[in-house]
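The following account is intended for a reader meeting this protein for the first time. Please keep the sequence and the structure in view while reading.

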Amino acid sequence: MTALHATLPGLELPGTVDTVVNWGLGVDSTAMIARILEDPAAHGVDLDRTAVVHMATGNEWPDTLADAERHMLPLLREHGVRLVQLARAGQSDRAGIEVLDDSRSPQRLIARGAWTLWDEMEANGTVPQQGGVRRCSIRAKGSVGDRWIPTATGGRPFVQLMGFNADEASRAVRDAAAGDSPVRTGRFPLIEWGWGRRDCEEYLHQRFGVRWRKSYCWFCCYPISMGAMEANLQRMRAFPDIAGRVLRLEYVATCLNPNAKLFGVSSLLERFDPAAPADRPVLDAFARELDCPWALYRVRRILPVAKDNPARRAPALRSVQQLALGTRAQVGRRLETASARHGLSVQTDPAHGMVRTWLRHRRDVLPTVEELLVTAPAYVRDKQQKRFEKEWAAHVGRLVALPVG
Ligand code: SF4
């Protein structure tokens, strides 16, 4: 059973929905909704049977939330549009989803539910995965909407309006190709109108008098790939406390795995210059974030060979165990002392405090393993896959030389 529940009893509105409009709060979907509301019937939309759906990740930028509340909620209220605010209810799929609000007179945007993507990243000591399928987006947004929709449509056919713009028509093609539901029809009004990103920005500027800000999670790794790194850094400077937290998230991830930089080959930290006055508040906030309990972790990682293709790597398996807890200095000294006793060299980061000792380095061939002891802020919980120990024993006992694919 889907654990669909409202934060307040009876919060869900009755009625049958045949049109679902995805609202991510960003430029494209906001422009799409605002224009449709100029004349819903002309766009084939019956507002009585329509729900605008927003999936809260819990980590949206405050200025985007503020603009959306200030300019869009009055418009939705004026037209009596049903706005449904949803969030994932927990880490496991079994936890279901939360209905944060369901109203034709929405008063505010609810920034988060009980679970957020941040919680997941922080507890795992990771950052969003670069490249491939955006699993974070599917977990925090796509799958949440997909679980709610049948409860509103009663399983009947429905149309889903998506804010893909005319510059990204390939997304509409992918959406159509992935259409695995016989009851869903995707529609892409911005593409129908020929509106690219610039058209959407100009429309919102003329309509509301603001330059609408990009919508994304604070710690998203994609701004760089979308050519918006400088704007991302400006935003971090405008919200230094958020930036400090994101730097800490990245720092913990790179302590556990030096390859886990936020932008793949480069880190967020290296974008800030300690000598630049504009960057000081961000770096000071980062320093405050590191002033917390620290832990000594044992990290083991297996990089296996794909079963169907021995030249390719299968998804890594990882085990993280917290061995000791203390202050940054205490756990650092403990690791340095133990390493010296065993004649092992240590890596240190004098600027921020990490101490690391490699017990096994990964090789340039597959399969391979690595093992390290490292100190880091104590946010990461113990975790390993059920089959990890068996796989570890098998791999450590049998390392064969295959080229890394
Ligand atoms: S905004 Fe970025 S981090 Fe957030 S869900 Fe989307 S892809 Fe993931």
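The paragraphs below go from the whole protein to its parts and then to single residues.

The model shown here is a predicted one. It contains 12 helices and 17 strands. The radius of gyration is 24 Å, close to the 22 Å that the globule rule gives for 405 residues, so the protein is as compact as a globular protein of that length. Measured out along the principal axes is not the only way to describe its extent, but it is a convenient one: the C-alpha trace spans about 75 × 55 × 40 Å. Of the 405 residues, 49% count as buried. The accessible surface comes to about 19000 Å², and carbon and sulfur atoms account for 53% of that area.

Two further totals complete the overall picture. Among contacts between residues at least 6 apart in sequence, 74% join residues at least 24 apart. As for charge, the protein carries 55 positive and 46 negative side chains, and the centres of these two sets lie 7 Å apart.

The next subject is a sheet. Its 6 strands form an open arrangement in the order 12-13-15-8-11-16, with antiparallel pairing. Strand 12 (347-348) and strand 16 (383-384) stand at the edges, where each has a single partner strand, so one side of each is left without a neighbour in the sheet. Within this sheet, strand 8 (residues 294-303) and strand 11 (residues 317-326) run antiparallel and are joined by 9 bridges. One position in this pairing can be located by its residues: R301 stands opposite R318 in strand 11.

Strand 11 also holds Q321. Is this residue buried or exposed, or does it fall in between? With a relative accessible area of 27%, Q321 is partly exposed. Leaving aside neighbours within four places in sequence, Q321 is in contact with L296, Y297, R298, R300 and D382. Q321 can also be placed relative to G96: the two are 225 residues apart in sequence, and their C-alpha atoms are 28 Å apart in space.

A separate pairing is found between strand 9 (residues 305-306) and strand 10 (residues 309-313), which run antiparallel and are joined by 2 bridges. These two strands form a hairpin with 2 residues between them. In this pairing, A306 has N309 of strand 10 as its bridge partner.

Among the helices, helix 3 (residues 117-124) has 7 of its 8 residues buried, so it is largely enclosed by the rest of the structure. The buried residues are L117, W118, E120, M121, E122, A123 and N124. What do they pack against? Their partners are helix 4 (135-153), helix 9 (240-256), strand 11 and strand 16. Strand 11 and strand 16 are also members of the open sheet described above. Just after helix 3, G125 takes a positive phi of about 65°.

Two other helices can be followed through one residue each. Helix 2 (residues 62-78) contains H71. This histidine is buried, with a relative accessible area of 16%. Not counting residues up to four places away in sequence, H71 touches F208, V210 and W212. Helix 11 (residues 328-341) contains E336, which is partly exposed, with a relative accessible area of 34%. Apart from neighbours within four places in sequence, E336 is in contact with V346, T348 and V355. One of these, V346, is 10 residues from E336 along the chain, and their C-alpha atoms are separated by 6.8 Å. T348 falls within the residue range of strand 12 (347-348), one of the edge strands of the open sheet.

Finally, two places in the backbone deserve attention. Most residues other than glycine have a negative phi, and most peptide bonds are trans. L25 has a positive phi of about 80° although it is not a glycine. This leucine is found in the loop between strand 2 (19-22) and helix 1 (27-36), and it is buried, with a relative accessible area of 0%. The second place is the peptide bond from L366 to P367, which is cis, with omega near -10°. P367 lies in the loop between strand 14 (365-366) and strand 15 (368-377), and strand 15 is itself part of the open sheet.

Methods: Residues are numbered from 1 along each chain as its sequence is written. This is a predicted model: local features need pLDDT of at least 70, side-chain atom pairs count only at pLDDT 80 or more; totals for chains, interfaces and linings use all residues. Side-chain values use heavy atoms; hydrogens and water are left out. Helices (H or I, at least four residues) and strands (E, at least two) are DSSP runs, numbered from the N terminus. The radius of gyration is taken over C-alpha atoms; the globule rule is 2.2 Å times the number of residues to the power 0.38. Buried means under 20% relative accessible area, exposed over 50%, partly exposed in between (1.4 Å probe, protein chains only). Contact means heavy atoms within 4.5 Å. Accessible areas come from the Shrake-Rupley method with a 1.4 Å probe; for residues, only the protein chains shown count as cover. Lys and Arg count as positive and Asp and Glu as negative; His and the chain ends are not counted. The place of a charge is taken as NZ of Lys, CZ of Arg, CG of Asp or CD of Glu. Two strands pair if DSSP finds at least two bridges between them.
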